[in-house]
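Biologist: Hi! Could you walk me through this one? I haven't looked at it before.

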Amino acid sequence: MLANKLTSGPNMPVKFYLFTRPDKQGDHPINVSISLFGERLCTSVGYAIAPDKWDEKAQRVKK
């Protein structure tokens, strides 16, 4: 069954979002959620930014 999933191509949705709680400087950590074969991994990418610099629709930092 796993072999069928590997040969048919994985569906790997990736979503970037800001964590709801700010750090001591008021910035919010950028988190990522990756789904692969029905399993989900959620982790921080290691950067934090001010919420006004985040584009929610594009899921990235504003230019």
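Modeller: Happy to! Let's start with one pair: Asn-31 has Ser-44 in S3 as its bridge partner. This is a predicted model, where local features need pLDDT of at least 70, side-chain atom pairs count only at pLDDT 80 or more, and totals for chains, interfaces and linings use all residues. Residues are numbered from 1 along each chain as its sequence is written, and side-chain values use heavy atoms, with hydrogens and water left out.

Biologist: Thanks! How many bridges do S2 and S3 have, and in which sense do they pair?

Modeller: S2 and S3 are joined by 8 bridges and pair in the antiparallel sense. Strands here are DSSP runs (E, at least two residues), numbered from the N terminus, and two strands pair if DSSP finds at least two bridges between them.

Biologist: And what joins S1 to S2?

Modeller: Those two run antiparallel as well, with 5 bridges between S1 and strand S2 (residues 28-36). Among the pairs, Lys-15 is matched with Ser-33 in S2, and Val-14 with Ile-34 in S2.

Biologist: What is the strand order in the sheet?

Modeller: The order is S1-S2-S3, an open sheet of 3 strands with antiparallel pairing. Strand S1 (14-18) and S3 stand at the edges with a single partner strand each, so one side of each has no neighbour in the sheet. From one strand to the next, the twist averages 20° (axes are lines fitted to C-alpha atoms, and angles run from 0 to 180 degrees between N-to-C directions).

Biologist: What about the hairpin of S2 and S3, how many residues are between the strands?

Modeller: There are 2 residues between them, and Phe-37 takes a positive phi near 55° in that hairpin.

Biologist: New topic: which residues make the nonpolar surface patch?

Modeller: Met-12, Val-14, Phe-16, Leu-36, Phe-37, Val-45 and Tyr-47 make the patch, about 600 Å² of nonpolar surface. Patch residues have over 30% relative accessible area and no salt bridge, and nonpolar side chains are joined within 5 Å. A salt bridge would be a side-chain nitrogen of Lys or Arg within 4 Å of a carboxyl oxygen of Asp or Glu, and areas come from the Shrake-Rupley method with a 1.4 Å probe. S1 and S3 each supply at least two residues of this patch.

Biologist: Last one: is Asp-52 buried or exposed?

Modeller: Asp-52 counts as exposed because its relative accessibility is 56% (buried is under 20%, exposed over 50%, partly exposed in between, with a 1.4 Å probe and protein chains only). Asp-52 sits in the loop between strand S3 (39-49) and strand S4 (54-55).

Technical notes:
Helices (H or I, at least four residues) and strands (E, at least two) are DSSP runs, numbered from the N terminus. Patches are made of residues with over 30% relative accessible area and no salt bridge: like charges are joined within 9 Å, nonpolar side chains (Val, Leu, Ile, Met, Phe, Trp, Tyr) within 5 Å.
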